[in-house]
Amino acid sequence: MATIVRGAAAMLRAAGVDTPEHDAKLLCAEAFGVDLQSVNKAMLLGDGLLGLAEDPVKPLEAFHAMIDRRARREPLQHITGHAPFRYLDLKVGPGVFIPRPETELIVQEGIDWITRNGGYHARVVDLCAGSGAIGLAVVTEVPGSEVWAVEKSERTAEWTRRNLNETAQAHPSIIGNYHLEIGDATQMPTLHQLDGTIDIVLTNPPYVPLSEIPEQPEVRDYDPDMALYGGSADGTLIPERIILRAGKLLRPGGLLVMEHDISQGERLAAYANAHGFANTRVRNDYTGRPRYLISGKS
């Protein structure tokens, strides 16, 4: 087992994959239908493939096929078909942005604020919903909360609905509290009936500068352009429009938490303060880089 996984990791390393050992182990676990700990144990004890399956031939074939796909720089999550996000396991694939760990910080900021303010029936909007990660995390973690999620792409919304349906199997109570709207999150008519009534807007909008095309093939070639690029050379056009839309949705004293590029914090904070928000702060991600803003509605 150790020889096979290490050989696969070497292949991924040669292909330029950032985390070859981790990816090889995870794909092995996926192919054999076990957890990562079982793969580590089999490698450590030298149990061979029989330690993971009675008949390892088909799982091994699947593993090699997965490694070949990963070596071509197909995203790990597309190969496995799912991605973890906080307490959820979301389905992902072509046509939907793969949720990142840093976006979990957006959810945590929102939940912390709701808790501090006694929001037992918090009204939440998730602009640019994608896989549904932000809104589904909130509605499952905050009892009594109600979430309106906006997604522009009908193709992407198919993934949102799929994740809603699967999440509702484990959390039936969310069925009436999560609402998906197909529309442009930057346009004022979208969710206009909620204007002035929302407690908190949480959003991870497209923000990648058009002048900085991502180098990683997994991002550049697979994440939808609509979910990546912020509509201008510096990437702030769409985030600025999101700020304006959030300003209309929020009640006085409500909160906006928005993810952004590491180059945009100062500009977007100033923009928010000039357009109906106050005390805007920019906070760092797990790597210590400025990644999202928190802004109170005046």
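In the predicted model, Tyr-207 is in contact with Leu-228, Tyr-229, Gly-230, Asp-234, Gly-235, Pro-239, Glu-259, His-260, Asp-261, Gln-264 and Arg-291, neighbours within four places in sequence being left aside. Tyr-207 belongs to the loop between β6 and α9. Its relative accessibility is 11%, and because buried means under 20%, Tyr-207 counts as buried. Pro-205 is likewise placed in the loop between β6 (198-203) and α9 (217-220). The relative accessible area of Pro-205 is 2%, so this residue is buried. Beyond the neighbours within four places in sequence, Pro-205 has contacts with Cys-128, Ile-238, Pro-239, Ile-242, Met-258 and Glu-259. Pro-239 and Glu-259 are thus among the residues in contact with Pro-205, and they are also among those in contact with Tyr-207. According to the unreviewed UniProt entry, a "binding site" annotation covers Asn-204, Pro-205, Pro-206 and Tyr-207.

The unreviewed UniProt entry also lists Glu-151 and Asn-204 under "binding site". These positions are spread over 54 residues of sequence but cluster in space, with a largest C-alpha distance of 11.5 Å. Glu-151 is part of strand β4 (residues 146-151). With a relative accessible area of 8%, Glu-151 is buried. Its contacts, apart from neighbours within four places in sequence, are with Cys-128, Ala-129, Gly-130, Thr-156, Ala-157, Thr-160, Leu-180, Glu-181, Ile-182 and Gly-183. Cys-128 therefore appears in the contact list of Glu-151, under the criterion of heavy atoms within 4.5 Å, and it appears in that of Pro-205 as well.

Strand β4 also contains Trp-148. Trp-148 is buried, its relative accessible area being 12%. When neighbours within four places in sequence are left aside, Trp-148 is in contact with Arg-123, Val-124, Val-125, Asp-126, His-179, Leu-191, Leu-194 and Ile-198. Trp-148 and Ala-42 are separated by 106 residues in sequence, and their C-alpha atoms are 45 Å apart in space.

Asn-204 is further involved in the surroundings of Phe-97, which touches Ser-131, Asn-204, Asp-223, Pro-224, Ala-227 and Leu-228 when residues up to four places away in sequence are not counted. Leu-228 is also one of the residues in contact with Tyr-207. Phe-97 is located in the loop between β2 and α6. The relative accessible area of Phe-97 is 18%, and the residue is buried. Although Phe-97 and Val-219 are 122 residues apart along the chain, their C-alpha atoms are separated by 8.9 Å.

Helix α6 (residues 103-116) and helix α7 (residues 133-141) have axes that come within 10 Å and cross at roughly 35 degrees. The crossing of α6 and α7 is right-handed. On the side of α6, the contact is made by Thr-103, Ile-106, Val-107 and Ile-111, and on the side of α7 by Ile-134, Ala-137, Val-138 and Glu-141. Classified by residue type, the contact of α6 with α7 comprises six nonpolar, one polar and one charged residues.

At the level of the chain, the division is into domain 1 (1-72) and domain 2 (83-297). A distance of 34 Å lies between the C-alpha centres of domain 1 and domain 2. Arg-72, the last residue of the range given for domain 1, is situated in the loop between α4 (57-71) and α5 (76-80). Arg-72 has a relative accessibility of 60% and counts as exposed. The C-alpha atoms of Arg-72 and Leu-12 are 8.8 Å apart in space, the two residues being 60 residues apart in sequence.

Arg-73 is also placed in the loop between α4 and α5. In contrast to the exposed Arg-72, Arg-73 is buried, with a relative accessible area of 13%. Most residues other than glycine have a negative phi. The phi of Arg-73, however, is positive, near 75 degrees. A positive phi, of about 55 degrees, is also found for Arg-86, which is not a glycine. Arg-86 is in the loop between β1 (82-85) and β2 (88-91).

Definitions and conventions:
Residues are numbered from 1 along each chain as its sequence is written. This is a predicted model: local features need pLDDT of at least 70, side-chain atom pairs count only at pLDDT 80 or more; totals for chains, interfaces and linings use all residues. Side-chain values use heavy atoms; hydrogens and water are left out. Axes are lines fitted to C-alpha atoms, for helices over the stretch in contact, and angles run from 0 to 180 degrees between N-to-C directions. Helices (H or I, at least four residues) and strands (E, at least two) are DSSP runs, numbered from the N terminus. A crossing is left-handed if the near helix is turned anticlockwise from the far one by less than a right angle, and right-handed if clockwise. Ala, Val, Leu, Ile, Met, Phe, Trp, Tyr, Cys and Pro count as nonpolar, Asp, Glu, Lys and Arg as charged, and the others, Gly among them, as polar. UniProt positions are given in the numbering used here, feature names are shortened, and annotations may be inferred rather than shown by experiment. Buried means under 20% relative accessible area, exposed over 50%, partly exposed in between (1.4 Å probe, protein chains only). Domain bounds come from an automatic or database domain assignment.
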